[in-house]
Structure formats: C-alpha cells, structure tokens
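New to this one? Have a look at the sequence and the model below, and then we'll walk through the ligand site, the empty spaces and a couple of backbone oddities.

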Amino acid sequence: MPASTSLTRELDPLPRLLMGPGPINVDPRVLRAMAMPLLGQFDPQFTGYMNETMGLLRDLFQTQNRWSFLVDGTARAGVEALLVSLIEPGDRVLVPVFGRFGHLLCEIAARCGAEVHAIETEWGTVFAADAIEDAVKHHRPKLVAIVHGDTSTTMAQPLAEIGELCRRYDALLYVDATATLGGMDVPVDRWSIDAASAGLQKCLSGPPGSAPITFNERVERAVLRRKHVEAGIRPAGFTPGAGPRIQSNYFDLPMLMDYWGEARLNHHTEATSMLYAARECARVILQEGLEIAFARHAHASRALTAGLQAMGLNLFGDQRHKMANVTGVHIPEGIDGEAVRTAMLDDFGIEIGTSFGPLRGRIWRIGTMGYNCRKQNVLICLAALEAVLRRAGFACQAGAAVVAAYVAYDAPPVGHP
Ligand SMILES: Cc1ncc(COP(=O)(O)O)c(C=O)c1O
C-alpha cells in the first residue's frame, strides 16, 4: 500500500486574509477560548457558562427574551430549529425573497410541510414595507420569514416596520440575521422581531459551527403546544402538547429549552468548545460596544466602496440598502473574474468572494466583517486588487484606490461617539 502522506504531514493551512462573505479570520481571543479544557455538560461551572452565554446573547440581540441560546451546527442549524419547531404541516408561510438565502428559507419551510408563498424582487434590490404588507394581507401567513442581510446580493432589507406590520395581521416574524448580527443594528425587541438566528463566522469573528438564536413568548407559546419529550428522559406524569410532534429531534426547541433552562433535561451533548467560542465572540463585541462595532463596519464600507469606485469599478445593487459588511462589485468587461480571485489568493493570500445564481460570474463580493473589518485590511485588499487588475490589463490609475480609502477613513465615522 502507498504510504499516506496525510499520516506524516501536519495540518499546515496557509495564512490567508479572508475578505469574502464569510467565514472570516477568527479573533485570536476566540481561538484561545476554544483551546480551554473541556468540562462535563452538567458541571456547575459549565452550566454557569451556558447561563452567561444566554445573557451575552440577549445583549447581542438587544432583547429581554428569556430564550436566547445556541443551536449546535452552522447558521442554518439555527434557521432550521426555529422553522421546524414553529411550522406545523399546512401552515402558511410568507417569504420575501431578495437573494439566495430567501430561497433557502422557502426550501426549509417547504420541507417542514408549509404552504409557502414567496414574493420576489430582483437581486440587488429590497422590498418596500408596502409590498410586504400587501402580501401579508393577501396570504394571511402564520409566519413571515425573511433574511436581514443576504450575503448573496449584499443587500440589507429594512426591517424596522415589519415586526409591527406582522403583529397587525397576527403573523409571527422570523429574521435570519446570520450575516448582520454584530455588524449592523438588529434590535430584536425594538423591531418587534419574534425570532431571530445567526452564526459566528461573519461579524461575530468566530468559526462556523454554532448558531445563536433568540425568540419571545409568542414563539414560546407556539412551540410549547408541540412539546413531546423523548422516552428515556421524559419526567413522570409528563403530558405532551396538543400540537403535532416536531419532525426533528435535534432541532426540537421545547427539548432544547428544557436543556438550557432550569430543568437541565439531557438532550444532545452541548458542543463544549463551540460554546466557549460563542461566549468569547459575544464578549469581544460587547466589550467593544455594539454602536462602535456598527460604526466600524459602516466606516470600512465607505472606505472600501470609495476605493473600488476610484479604481473605476461599478458597485452592485441599490447602494441605499447595501450591507455594511459585504460589498458587491461588478467584474469589469473583458476581465476573467475567477482568474482575478485566483491571483488574489495565490499572490497575496487574500480571498474574495465569488457569487451564485443570476450573479454568477458577474460580481465579486468583498467582506469586511468582525475581526477582519479594519483599516489595514481594507487598504491591503484594495492595493492587491488594483495590482491584479492592472496586471490583467484593466486600465486604472495606480494608487487611486488606496488614496480614496484613506480619505474616507480620515473622515469621522458616522455614528461614532
Ligand atoms: C444570510 C445567511 N443565512 C444563512 C447562511 C447559512 O449559514 P451556514 O453556512 O453557516 O449554515 C448564510 C451563510 O452565508 C447567510 O449568509
């Protein structure tokens, strides 16, 4: 048998600057937290960390919701846990789709047995509140599921009015805040969002693998009517809820609530190192201050877009609704987008994003998120992109991008104290 090099070769990932739409470089504080010794899941110190994490997540989501905890898995684990626990077969669900992740919400809702009604707007645009209201009025859904920032298009849907709108029609509102939490304002209570979920690998500066979620009493009531505890851990005298059993055991919110709540009823084994990571991610950003973090992302966005435009590149989408932490930019005519990405990676160690669906081959996506959202990275990325583009024959003025980004950085950050 040939000797397997994987037996003798250590893992040796190259140093990369991850300037795509996520994952990003993890904050070293988070990596250190992940290296801490494991504890048993019912060790009082560990359950103490679980409780602390719940408190930190409340602050991150700007909510008083008791139920703010982690679902183990990448961001879509949080999406699935909320949707599969909320949606009973036959329920009407409205999904305003403005990018790939809206389609994902439709797909998950359909798998849960929902009667899904999607409304769509062209990629690069978002919905006016009126359009969502018309659809809610027409379809009268139990649940409106919507993405806040869709990384596929780099657009952020304004949500301030949507929660109240849903309440007027007695619908619940779920928001996928995977790509915005920590980088843009997501005030769950102020916006009357009933449930929201996120991931660590974007503006929270962590690795993929843990999904913070939060939900209020309206959602709690809806899922508790489906409460069925598995045999083997079921307390004596337990009476199941009247509603249909939740199709997933792993993502069953009532059982997860019993695990994270005072009952501490065994469910899965909490992913110890990922909990350490999530706790540290939240501490990092809350210590910085949410407002300051939002301003940092907005400032980087202004500097990056100024630099790209100074290079003569065209930004993608309705700029009034661009996410602060991801920027879409058109691949110029005659330039091979993939060759540019390869040169960025091979020659500079910088990853920028490709795109999919109708935008495949049309735009690059550049992320400035969490730990990576800093002036030096914006300047390095612009300088590298300019060098690669010029080498590929694209005519632009040498140095103009970095100068424009400097000017934007020299202007005071909007919203910064
Ligand atoms: C808005 C949004 N939702 C969901 C996801 C899915 O996240 P994950 O790949 O961590 O499951 C992503 C990932 O990019 C995202 O940007």
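## Around the ligand

An N or O atom in the side chain of T74 sits 2.7 Å from an oxygen atom of the ligand. Keep in mind that this is a predicted model. Two other residues also come up to ligand oxygen atoms, R76 through its backbone and Q201 through its side chain. Here are the three contacts side by side.

| Residue | Part of the residue | Distance to a ligand oxygen atom |
|---|---|---|
| T74 | side-chain N or O atom | 2.7 Å |
| R76 | backbone N or O atom | 2.9 Å |
| Q201 | polar side-chain atom | 2.7 Å |

How much of the ligand's accessible area does the protein cover? On its own the ligand has 390 Å² of accessible area, and the protein covers 88% of that.

T74, R76 and Q201 have company, too: the ligand's surroundings also take in A75, F101, V147, G149, T151, D176, T178, A179 and K202. Sorted by class, this shell has five polar, four nonpolar and three charged residues.

## The pocket

Where does the ligand sit among the open spaces of the protein? The space it takes up is the largest pocket, with a volume of about 370 Å³. A total of 21 residues line this pocket, and those nearest its centre are R76, F101, T178, Q201 and K202. By class, the lining splits into 10 nonpolar, six polar and five charged residues.

Two helices are worth picking out here. Both α4 (75-86) and α5 (100-111) give at least two residues each to the lining of the largest pocket.

## A closed space

How many cavities of 30 Å³ or more does the structure hold? There is one, and the largest cavity has a volume of about 30 Å³. Its lining is made of V229, I233, M255, D258, L265, N266 and H267. Of these lining residues, four are nonpolar, two are polar and one is charged.

## Two backbone details

Now for the loops. Between β1 (17-19) and α2 (28-34) runs a loop that holds P23. The peptide bond leading from G22 into P23 is cis, and its omega is near 5 degrees.

Further along, Q62 lies in the loop that links α3 (44-61) and β2 (67-72). Q62 isn't a glycine, yet its phi has a positive value, near 50 degrees.

Technical notes:
Residues are numbered from 1 along each chain as its sequence is written. This is a predicted model: local features need pLDDT of at least 70, side-chain atom pairs count only at pLDDT 80 or more; totals for chains, interfaces and linings use all residues. Side-chain values use heavy atoms; hydrogens and water are left out. A residue is near a molecule or strand if one of its heavy atoms lies within 4 Å of it. A polar contact is a pair of N or O atoms within 3.5 Å; within protein, one must be able to donate a hydrogen and the other to accept it, and residues adjacent in sequence count only if both atoms are side-chain atoms. Accessible areas come from the Shrake-Rupley method with a 1.4 Å probe; for residues, only the protein chains shown count as cover. On a 1 Å grid over the protein atoms alone, a cavity is a set of points where a 1.4 Å probe fits but cannot get out, and a pocket is an open set with protein on both sides within 12 Å along at least five of seven lines; lining residues have an atom within 4 Å of a point. A molecule sits in a cavity or pocket if more than half of its atoms lie within 2 Å of its grid points. Ala, Val, Leu, Ile, Met, Phe, Trp, Tyr, Cys and Pro count as nonpolar, Asp, Glu, Lys and Arg as charged, and the others, Gly among them, as polar. Grid points are joined across faces, edges and corners, and a volume is the space filled by probe spheres set on the points. Helices (H or I, at least four residues) and strands (E, at least two) are DSSP runs, numbered from the N terminus.
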